[in-house]
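Here are some notes to read alongside the structure, for someone opening it for the first time. Take them in order, and keep the viewer open as you go.

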Amino acid sequence: MKSFKADYVYPVCADPIKNGIVTVDDFGKIIAVIDPATLPEPYNAPVEQLSGIICPGFVNAHCHLELSHLKEKVKERTGLVNFIIDIQKTRGADAAEVLDAAYKADSDMYENGIIAVGDISNTNSTIGIKTASKLYYHSFIETFGFLPGRATEVFENALHLLNEFKPLPSSITPHAPYSVSKELFKLISKYSDTGHNLLSMHNQECEDENKFYRYKLGSFNDLYAHFGMDITFFKPQARNSLQSILPLLSSKQEILLVHNTCTNLKDIYFVKRFDRKIHFCFCPNANLHIEGILPKIELFIGQGYNITLGTDSLASNSKLCILSEMRTIQAKFPAISTQQLIQWGTLNGANFLGIDDERGSIEIGKTPGLNLISGLDGLKITPETKVKKLI
Ligand SMILES: [Zn+2]
């Protein structure tokens, strides 16, 4: 058993506690959360006194562990289409190199206070790491296939890979509106309607995705040409990508839309009117790396959405650290409080992954992990702010 006391405890499920005390058992289970101001007498039991905020372990809602070997290999700010072409060129590597980098990324995430990850997988390379990891992983088996004729084959390959991942938590998911045909969306939707199949899709990562869907113009045409694909079957939809594909997603499953860099208020209202269980995920450091822009995050606040945070992969980020994502958001949007960002980076991610019965908040009986955030300016995140994993 061990007790920690800090300037603040942020349980996330309840208001912050000034000079709060958290007690955990030897397995990391929370057995007490104490507000000393409510005690009749001073708290005298032994505590480890800390400076900063104690919060639950972080949930990284969007990552690609299997791309960890691409760290510093993909040029910055060339735009999404060039990024995709670069990834395809560089992702092939020696299996040992891929595994070494993924092992290191897994242990770095642990050190950075991350306890659970929503991880995109196109291959079986990370199964061993995930099986042995101290972190909880949900693997999204990602499908690519914009040519309608390939839908069945792509879906069956995904089913095969999903079976390799089982019994690890896993599901089949579409990659993005520009890389999945209507036919493939329908196969995934039909599959999702019958069982449990969490969905996580890259959404509106650049303006050209909307331009392609609206007018069939822009750099995505170059991408298909690069891969030698004939896309004469695709007709411009006269609306943004999200509005075009939302009806093709299952209404039975929780759906995480990732990036949302070029999602506008009209799209947000469209989603609201539609009967789909939408969550949003922001990965600001990856957006800066790839496109050099950030999503209009303030548009999403107060709309009733579950907002989560992700790191994306090391191909588009220098580290897999949720605190670093919070720092980038608060620097650009100072009105977004540290308390709000901590909720996005903990409970909301756990809620989407369906693990909030055990993780995501400091509540008696849960095993959320505990992080210490120190080096704040008041309650503001600064370049000096650090995270330390307590348990
Ligand atoms: Zn991604």
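1. Let's start with a strand. This is a predicted model, and in it both faces of β12 are covered: Leu199, Met201 and Asn203 are buried on one side, Ser200 and His202 on the other. In a regular strand, side chains alternate between the two faces of the sheet. With five of its five residues buried, β12 (residues 199-203) is largely enclosed by the rest of the structure.

2. Now for the neighbour. β12 pairs with β13 (residues 254-259) in the parallel sense, over five bridges. If you want a place to look, find Ser200, which stands opposite Leu256 in β13.

3. Stay in β13 for a moment, since His259 sits in that strand. Its phi is positive, about 90°, although His259 is not a glycine. Is His259 buried or exposed? With a relative accessible area of 0%, it counts as buried.

4. Next, the metal. Which residues coordinate the zinc ion? They are His62, His64 and His202, each through NE2, and Asp312 through OD, at 2.1 to 2.5 Å. You have met His202 already, as one of the buried residues of β12. Along the sequence the donor residues follow the spacing H-x1-H-x137-H-x109-D. His64 and Asp312 link distant parts of the chain, being 248 residues apart: His64 is in the loop between β8 (58-63) and α1 (80-90), Asp312 in the loop between β15 (306-309) and α11.

5. A word on the geometry there. The angles among the four donor atoms run from 84 to 169°, and the site of the zinc ion is classed as irregular. For comparison, ideal angles for four tetrahedral donors are 109.5 degrees.

6. Two of those donors deserve a closer look. His64 has 7% relative accessibility, so it counts as buried. Asp312, at 5%, therefore counts as buried too. Asp312 also has a positive phi of about 55°, although it is not a glycine.

7. On to helix α11 (residues 322-332). Eight of its 11 residues are buried, so the helix is largely enclosed by the rest of the structure. The buried ones are Ile322, Leu323, Ser324, Glu325, Met326, Thr328, Ile329 and Gln330.

8. Met326 leads us to the nonpolar interior. The largest nonpolar core has 88 residues, and those with the most contacts inside it are Phe58, Met109, Phe220 and Met326. Helix α4 (residues 151-165) gives the most to this core, with seven residues. The core also draws at least three residues from each of domain 1 and domain 2. In soluble globular proteins, nonpolar side chains tend to be buried together.

9. What does Met109 touch? Leaving out residues up to four places away in sequence, its contacts are Asn60, Cys63, Leu65, Ile114, Val117, Leu135, Tyr137 and Leu320. Apart from the largest core lies another, of 17 residues, among them Ile120, Tyr136, Phe140 and Ala286.

10. Stepping back to the whole chain: it is divided into domain 1 (1-54 + 361-391) and domain 2 (58-359). Their C-alpha centres lie 32 Å apart. The contact between them takes 21 residues from domain 1 and 23 residues from domain 2.

11. One last detail for the backbone. The peptide bond from Lys166 to Pro167 is cis, with omega near 10°. You will find Pro167 in the loop between α4 and β11 (170-174).

How values were computed. Residues numbered from 1 in each chain as written. Predicted model: local features only at pLDDT ≥ 70, side-chain atom pairs only at ≥ 80, totals over all residues. Heavy atoms only, no water. Buried < 20%, exposed > 50% of the residue type's maximum accessible area, 1.4 Å probe, protein only. Helix = DSSP H or I, 4+ residues; strand = E, 2+ residues; numbered from the N terminus. Pairing = 2+ DSSP bridges. Core = buried A, V, L, I, M, F, W, Y, C linked by side-chain atoms within 4.5 Å. Domains from an automatic or database assignment. Contact = heavy atoms within 4.5 Å. Donors = N, O, S within 2.8 Å, 3.2 Å for Na, K, Ca; no water. Tetrahedral: all angles 85-135°; square planar, octahedral: opposite > 155°, others 65-115°.
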